[in-house]
Each structure stands twice: as C-alpha cells, then as structure tokens.
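Q: Please take a close look at one part of this model and describe it in a connected way, from the pairing of its elements to how well they are covered. Give the cut-offs for each term as you go.

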Amino acid sequence: MSARRTLLRGASALVGDAQAHERRPLDVLVEGGRIAAIEPAGTIGQADEIVDLAGRLLVPGLVNGHQHSHEHFQRGRTENLPLELWQHLVRTRVPVPLTPRQVYLRTLIGAIESLRTGCTTVVDDMALGAAVNREAIDAALQAYDDAGIRALVGFAMMDKPIIDNFPFADDAFPPALAAELRAAPRPSPQEYVGLVRDLVSTRHPQASRVGVLVSASAPQRCTPTFLSQVRALADELDLPVITHVQETRLQVVTGQIFFGRPIVEHLDAIGFLKPKTSLIHAVWLNPREIDALARTGATAQHNPWSNLLLGSGVQPVRELLEAGVNVSLGSDGSCSTVTVNMLNVLGSAAALSKLRGDRQDRWLSAREALRAGTLGGGRALGFGDALGAIRVGAIADLVGYRTDTVTFTPLTDPVRQLVYAERGAGLDFAMVDGRCAIVAGRMTGIDEGAVLREIEHDYRELAARYDAAEASVAPVLEAAERLWRRSLATPIAPDTHAARLPDAASGPQP
C-alpha cells in the first residue's frame with residue numbers, strides 16, 4: 001500500500017537549512033512523513049489530501065528540548081524565587097495525588113499550548129514522585145498520541161534524596177526534618193531502568209512519534225554508580241540523554257564540593273559527554289567546559305525565559321557557538337515559567353543576549369535563535385539534520401502562520417517578525433510526522449474546548465490540595481534559604497563566565 005500523499009498548497013516558506021524566505025507561493029508535497037517535493041504553487045497535481053495554505057508563512061516546527069508536564073497544573077503559582085527555593089514548591093513535602101485521567105489532562109495542557117505556538121516536538125522530563133505508576137505514565141503518553149505532537153518522554157531519574165543534592169544540607173536543615181526528607185519514598189534505580197527498557201521496545205523515538213529518552217535529573221542527584229548506569233543504558237539503547245547541569249551559581253559550588261571540580265568538567269572526565277547528550281541550562285560555564293562540549297559533540301541547551309524568571313543567569317551563547325557547540329532551546333516547566341510558548345523562548349533568547357557586552361556583532365540574531373530552536377533541537381535529539389528544516393527528505397513537522405495579521409504587516413523580514421513579535425495568535429496550521437494536527441485553526445485529534453473545560457472543573461478541587469502541599473514546605477524553604485545564602489558567600493573559580501548582573505545598589509562585584 002502506497003504512503004498517503006498530502007499537498008500543502010500556496011504558502012510562502014522558510015526553505016532549506018538556511019531558512020531563507022521564499023516569497024512566491026509553493027506546493028509542498030508530503031509522503032510517508034517526509035517532505036517529498038517543493039515546487040512552485042500549482043505544479044504538483046496528485047495528492048490524497050490538499051490543504052490550502054495561501055496567505056500563510058510555512059515554518060519548520062519548533063523543538064522544545066525541555067519541559068516538565070508534571071508542572072502544568074502549577075502554572076502561575078510561584079514568582080520571584082531562585083531555583084533552590086522554588087523547586088521545593090514543585091516537589092512538595094506532601095504530594096498531590098492525581099488520577100490517570102488527571103495526568104492525561106495535565107499533559108494535554110502543554111501539548112495544546114506547544115502546538116498552538118509553533119512547537120511540534122517536546123521533550124518532557126516528567127518526575128514520577130514516590131513510585132513508578134504505569135497507569136499514569138501511559139496516560140501521559142496517550143495524551144501526546146492524541147494531541148498529534150512529537151514527544152520524547154524521560155523520567156527525571158535520580159537515586160539520592162533531594163536534600164542530598166545540596167552542599168551544606170546538614171548544617172542548614174534541622175535533624176528531624178532532614179531525616180524525614182531522606183526517608184521519603186522514591187523509585188529505585190532498578191525500577192527506573194526497567195521502565196525505560198520496557199517502554200523503548202515500542203517507543204523508540206526513531207520509530208515512534210511519541211517515544212522515550214534517558215533523563216538523569218542532574219549529576220549531583222545521582223550516585224556515581226547510577227550516573228554510569230544511566231550513561232550505559234542510553235548507549236546500549238541508542239537513546240538521547242538529558243540532564244540539568246550548572247543552571248545556577250550554587251550548582252557550581254556544588255560541583256566544587258561534591259566532585260572537586262565544576263560539573264561539566266566532571267562529566268567530561270568520566271566519559272558522560274557524547275553526541276545526543278543535552279546539558280539543560282548550562283548557564284555557569286568556564287572556557288574549559290565550553291571546549292569539552294565542542295570536543296565531545298554534546299549540546300548546551302538554552303532556557304532563557306526560565307533562567308530569567310528564576311534569576312539563574314544568562315548563558316554564554318556566543319562563546320558556545322563560536323566554539324562549535326550545538327545549542328538548542330527549551331522552555332522549562334510552567335510552574336516557574338507560566339508558559340511553554342517556544343516563540344516566547346525564541347524572542348527572549350535573542351533579546352537576552354543583548355545584555356552581554358558592547359559589541360553588537362556578538363549579540364544573538366533572530367535567525368540564530370530560530371536555528372537553535374529548530375535544527376539545533378533536532379541535532380540534540382539524534383535526528384541529525386532531518387528535523388527542523390523545510391527541504392526534500394526532511395521530516396514533515398511544519399507549522400503555518402497567517403500573514404494577513406498585524407504581526408506580519410508590512411512583511412519585511414519574516415524571521416525577525418516571527419521571533420520578536422509572533423506569539424501564536426496567527427498560527428492556524430500544524431503538521432507532525434506528515435499528519436495534520438491543526439487545520440484552519442482547529443485541533444484534529446482532540447476536542448480542545450471540552451478538554452479545557454474538564455481541566456478547569458478538576459482544578460477547582462485540586463487547587464486547595466496544592467495550597468496545602470505548598471504550605472507544608474515552609475520549614476523546608478527556611479532551611480533551603482540558609483543553604484542558598486551560604487552558597488552565595490562561597491567563592492567560585494574566577495574564569496567562570498559571569499551569568500548575573502550585580503545589584504545596582506551594591507555596586508560592582510568581584
């Protein structure tokens with residue numbers, strides 16, 4: 001049986017790896033999940049389905065290399081907290097249990113917002129809580145199946161209690177509270193590894209639109225034995241790897257105390273850095289670490305909006321690009337960011353770079369941000385150049401924006417207008433893996449209105465539970481702030497790229 005042929009007719013497009021604007025209307029033929037032909041509009045005649053995209057700008061779907069579906073019910077609940085305090089409000093002392101249906105609905109929040117803002121691929125680093133719950137995991141996978149988005153799901157694997165992720169913990173936390181936190185149940189390393197092995201047989205990301213990857217939550221959250229086991233698992237199964245690394249200044253201090261060196265240097269020394277390995281955030285880096293990323297083919301993932309809202313700092317993107325490091329983009333979770341809108345991430349990535357230095361030729365351009373959010377994301381996940389471009393042979397993950405909107409009027413530079421101005425209002429078409437997920441502004445796989453109404457109904461009861469869970473964290477936050485303040489007074493190596501601006505009232509900082 002021949003593959004279904006879908007013809008996208010009449011759009012202008014950002015074509016090729018250079019994502020150059022082709023102003024004349026085009027026909028884009030999709031067959032078997034790939035782009036089979038790109039010709040002037042009206043020259044391709046045979047197709048099983050024709051989608052009229054006249055007056056649209058066709059763009060490669062964005063790749064969100066980092067979000068957390070377990071946060072979607074907590075969006076808007078926090079503000080003005082650094083990571084090391086905020087994170088205790090996400091993984092609360094008293095958990096909020098959800099039914100599989102609620103996990104399904106929660107996952108759809110991110111899938112819907114992603115598709116509606118130009119993102120066709122998401123990496124979901126999902127925390128499992130106290131135990132592996134296969135019904136809940138299957139519900140999340142089903143949500144991505146139904147929405148029609150491409151998803152790679154990991155499980156934030158770690159084998160150390162959260163409290164032992166930090167230096168100075170025994171000095172900062174009262175003994176009784178520390179003992180309680182260390183005794184909290186969590187999946188075993190064997191359960192995590194078994195889960196990935198079980199799922200990958202039918203959900204390898206190179207064979208399934210909704211697949212799995214390997215997530216080591218962070219090196220300081222894993223024992224050396226488990227971190228090596230995670231690396232070996234990814235190598236054996238040929239899966240991408242993600243891990244949070246040096247998001248904050250405290251994590252540089254953590255590396256010095258736990259490993260005797262910064263964390264990226266440690267990962268390089270133990271052979272963890274390889275292609276298809278993404279270091280999430282990678283904000284506080286020294287030149288040796290940047291060289292290690294370039295040498296090993298690992299990716300530095302930029303999460304600019306999250307880094308802004310958590311006060312984590314500004315990644316040295318230009319230094320990474322100049323060294324030849326692949327840079328991808330991610331939104332992070334919506335408890336800290338409120339949104340997983342990847343157009344917002346593109347704009348903030350390009351704009352935030354302009355805080356660094358007085359040489360405007362080193363600032364990140366809109367086109368470089370778009371490239372990181374498309375081709376850079378595809379390379380980070382092991383798709384090479386097959387994901388993130390509109391060219392013959394590429395994976396057909398595409399989105400279309402109306403150009404008869406104020407965002408694109410007058411149409412001068414569509415890349416700049418997309419990155420700095422469009423936030424999803426003009427999007428009315430999305431295709432993933434050659435199948436239409438949004439047509440004429442309507443999602444094809446789910447009843448979006450009914451889903452959103454059900455979420456709002458369920459959340460009325462859940463909100464009070466989240467309030468109680470957050471209240472239970474008060475003594476943890478007090479101890480975490482003591483620990484965080486002590487870290488600020490701990491010196492770090494002077495060759496670390498300064499990632500934050502000093503307080504104007506305090507003057508220059510050494």
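**Two parallel sheets and the enclosed strand E8**

A: Strand E10 and strand E11 (residues 241-245) run parallel and are joined by two bridges, where strands (E, at least two residues) and helices (H or I, at least four residues) are DSSP runs numbered from the N terminus, and two strands count as paired if DSSP finds at least two bridges between them. This is a predicted model, in which local features need pLDDT of at least 70 and side-chain atom pairs count only at pLDDT 80 or more, while totals for chains, interfaces and linings use all residues. Residues are numbered from 1 along each chain as its sequence is written, and side-chain values use heavy atoms, with hydrogens and water left out.

Within the E10 and E11 pair, Val214 has Val241 of E11 as its bridge partner. Both strands belong to an open sheet of five strands in the order E10-E11-E12-E13-E14, with parallel pairing. Its edges are E10 (214-215) and E14 (326-329), each of which pairs on one side only.

The strand to examine closely, E8, lies in another open sheet, of four strands, ordered E6-E7-E8-E9 and again with parallel pairing. Here E6 (62-67) and E9 are the edge strands, each pairing on one side only. From one strand to the next the twist averages 15°, with axes fitted as lines to C-alpha atoms, for helices over the stretch in contact, and angles running from 0 to 180 degrees between N-to-C directions. Helix H2 (residues 100-116) lies across E6 and E7 and runs at about 150° to E7.

On one side, E8 pairs with E7 (residues 119-125) in the parallel sense over five bridges, and Thr121 has Arg150 in E8 as its bridge partner. Between these two strands the chain passes through helix H3 (residues 134-147), a β-α-β crossover that is right-handed; that is, with the strands pointing away from the viewer, the path from the first strand over the helix to the second runs clockwise. E8 is also joined to E9 (residues 210-212) by three bridges in parallel, with Ala151 opposite Val210 of E9.

Why is E8 largely enclosed by the rest of the structure? Five of the five residues of E8 (residues 150-154) are buried, so the strand is largely enclosed; buried means under 20% relative accessible area, exposed over 50% and partly exposed in between, with a 1.4 Å probe and protein chains only. Both faces of E8 are covered, with Arg150, Leu152 and Gly154 buried on one side and Ala151 and Val153 on the other.

Elsewhere, helix H1 (residues 83-90) is mostly covered, eight of its eight residues being buried, Trp86 and His88 among them. The buried residues of H1 pack against H8 (249-259), H13 (334-337), H17 (448-471) and H18 (474-488), contact meaning heavy atoms within 4.5 Å.

Finally, Arg231 lies over the face of Phe272, at 5.4 Å from the ring centre; a charge sits over a ring if NZ of Lys or CZ of Arg is within 6 Å of the ring centre and within 35 degrees of the ring normal.
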